[in-house]
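Thanks for coming, everyone. Let me put the structure up, and then we will walk through it together.

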Amino acid sequence: MIALLLRDLRLAVRAGGGFGLGLAFFLIVVTLVPFGVGPEGGVLARIASGVLWLGALLACLLSLDRIFALDYEDGTLDLLVTAPIPLEGAVSMKAAAHWITTGLPLVLAAPVFGVLLHLPAPAYLWLVVSLLLGTPALSVLGTFGAALTVGLKRGGLLLSLLVLPLYVPTLIFGAELVRRGAAGMEVRVPLLMLAGITAATIALVPFASAAAIRVNLRQA
Amino acid sequence: MSIWEYANPVKFMKTSSLVLPWATGLAAACLIGGLIWGFFLTPDADNFGSTVKVIYVHVPAAMMAINIWVMMLVTSLIWLIRRHHVSALAAKAAAPIGMVMTLIALITGAIWGQPMWGTWWEWDPRLTSFLILFLFYLGYMALWEAIDNPDTAADLTGVLCLVGSVFALLSRYAVLFWNQGLHQGATLSMDSAQHISDVYWFPLLLCIAGFILFFVALVLLRTRTEIRLRRLKALEQRERMA
């Protein structure tokens, strides 16, 4: 499983495109928002946490269809299904690789982009914490969406329609955590809820993803 | 005699052809009766005026929107566990109806909210979770449309329905946390004292019965259509093979 993870990471880095693209997209979203709502610092500071979370979510969404598409086309996925490791484990590793190449850079870059949006000083810590806790869930759920649409020719748009409603709880608690942190309020409830959702997602959703992949490979 | 007999399409077609006219007729009777009673023969409420009458469409539609998803969950589970095709087709047939019910609840809610709350839309927990439910219906239907192989489509939408149910429920409580609402509490409940007086209660009950029967009739009709479509495809394929 470690070998699989390393292989995916190597592919992501060497094949180019995938690694920095999400980050660049995130930067563009953050740049475009002030054009849309105006450059006043007060307004930007108020919406900064939400915009950063939305940007991270969209950047994550952008790279989802790559998770299984290439492996499906060249037959690697068939080998993974018949491999001695459980498919659930392989799927989890796929999600982990996606998180390391997309989610982790976003987490690290978010404070820098926070400066651009006048994020209030006490919110930085909570921004990083919430993204660190929340983005793994985004990757795992995205893997599920990618598994559902892997056999389709034009699955990209459908993938977003399927995955975005699943992101709602994570987004709500993540953004709420930053908002409360920025206002200096009690953060325990959203923090625990966010961590709980992510933990449950990591534990349970790979089973659904693996089931979807088995179904998709059955017909081919 | 067991319920699984209806997993046989022939048996299902036979029974549903008997039930369908009755369900349709009763639904029409209940809906026409309930709506006329509700719209024209009940007094205006003290603090709501005539806007109270939206309740006869809004509440049943909202109830159905949620219950249809539950029905899809059950039929999807039956399909995934016991592989009865009729069950999967019933789930497929129910989805568009559920979506329209969600839409009706949202629109009638907006029509009621405009004079009462002074706004068409408010990011209230109930309204928001209905919007999210609407998105789940959309995604579910889109997945059915996108996949050619019917068994694959049934499997994948079944899995999506299971995961979606968990997340729809989770979203419901997440939005409760996220924003305090304007929407009043449950109008109907079994354990507490009734919130509305009998004058409105009986026509409402009739309307709810009408909506349920209407849904049953539509689902039977649509499932029958799907079964016939499936047979037609099988026949065409046999023709090509011969």
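What pattern does chain B follow, read along the sequence? It reads α-α-α-α-α-α. Chain B has 6 helices and 0 strands. Helices and strands here are DSSP runs, numbered from the N terminus, with at least four residues for a helix (H or I) and at least two for a strand (E).

Some ground rules. This is a predicted model, where local features need pLDDT of at least 70, side-chain atom pairs count only at pLDDT 80 or more, and totals for chains, interfaces and linings use all residues. Residues are numbered from 1 along each chain as its sequence is written, chains are lettered from A and ligands numbered from 1 in the order in which they are written, and side-chain values use heavy atoms, with hydrogens and water left out.

Now chain A. It has 9 helices and 0 strands. Its pattern along the sequence is α-α-α-α-α-α-α-α-α. The radius of gyration of chain A is 18 Å, close to the 17 Å that the globule rule gives for 220 residues, so chain A is as compact as a globular protein of that length. That radius is taken over C-alpha atoms, and the rule is 2.2 Å times the number of residues to the power 0.38. The C-alpha atoms of chain A fill a box of roughly 55 × 35 × 30 Å along the principal axes.

Next, burial. Buried means under 20% relative accessible area, exposed means over 50%, and partly exposed is in between, with a 1.4 Å probe and protein chains only. In chain A, 52% of the 220 residues are buried. In chain B, 43% of the 242 residues count as buried.

Surface next. Chain A has an accessible surface of about 9,600 Å², and 72% of that belongs to carbon and sulfur atoms. Chain B exposes about 12,600 Å², with carbon and sulfur supplying 69%. These areas come from the Shrake-Rupley method with a 1.4 Å probe; for residues, only the protein chains shown count as cover.

Contacts now, meaning heavy atoms within 4.5 Å. Take those in chain A with a separation of 6 or more: residues 24 or more positions apart account for 80%. In chain B, among contacts between residues at least 6 apart in sequence, 77% join residues at least 24 apart.

On to charges. How many salt bridges does a search of the whole structure find? It finds 8 over all chains. A salt bridge is a side-chain nitrogen of Lys or Arg within 4 Å of a carboxyl oxygen of Asp or Glu.

Start with A:Glu176 and A:Arg180. Their closest N and O atoms are 3.1 Å apart. Both sit in helix H8 (residues 156-182) of chain A, 4 residues apart, about one turn of the helix. A:Glu176 is buried at 8% relative accessibility. A:Arg180 is buried too, at 17%.

Next pair: A:Arg218 and B:Asp155, bridged at 2.8 Å, N to O. A:Arg218 lies in helix H9 (residues 188-219) of chain A and B:Asp155 in helix H5 (residues 150-178) of chain B, so this pair joins two chains. A:Arg218 is partly exposed at 45%, while B:Asp155 is buried at 2%.

Then B:Glu226 and B:Lys92, at 3.4 Å, N to O. B:Glu226 is in helix H6 (residues 198-241) of chain B and B:Lys92 in helix H3 (residues 85-117) of chain B, so the bridge ties together parts 134 residues apart in sequence. B:Glu226 is buried at 14%. B:Lys92 is partly exposed at 21%. Elsewhere, salt bridges that share partners join A:Arg7, A:Asp71 and A:Lys94 into one network.

Now B:Ser76, in helix H2 (residues 55-82) of chain B. Buried or exposed? B:Ser76 is buried, at 3%. Leaving aside neighbours within four places in sequence, B:Ser76 contacts B:Ala91, B:Tyr140, B:Gly158 and B:Cys161. That last residue, B:Cys161, is buried at 0%.

Cysteines bring up disulfides. The search finds 0 over all chains; the cut-off is a pair of cysteine sulfur atoms within 2.5 Å. For B:Cys207, the nearest cysteine sulfur is that of B:Cys30, 8.8 Å away. B:Cys207 is buried, at 0%.

Last stop: B:Val199, in helix H6 of chain B. B:Val199 is partly exposed, at 40%. B:Val199 and B:Thr42 are 157 residues apart in sequence, yet 6.6 Å apart in space, C-alpha to C-alpha. Not counting residues up to four places away in sequence, B:Val199 touches B:Thr42 and B:Pro43.
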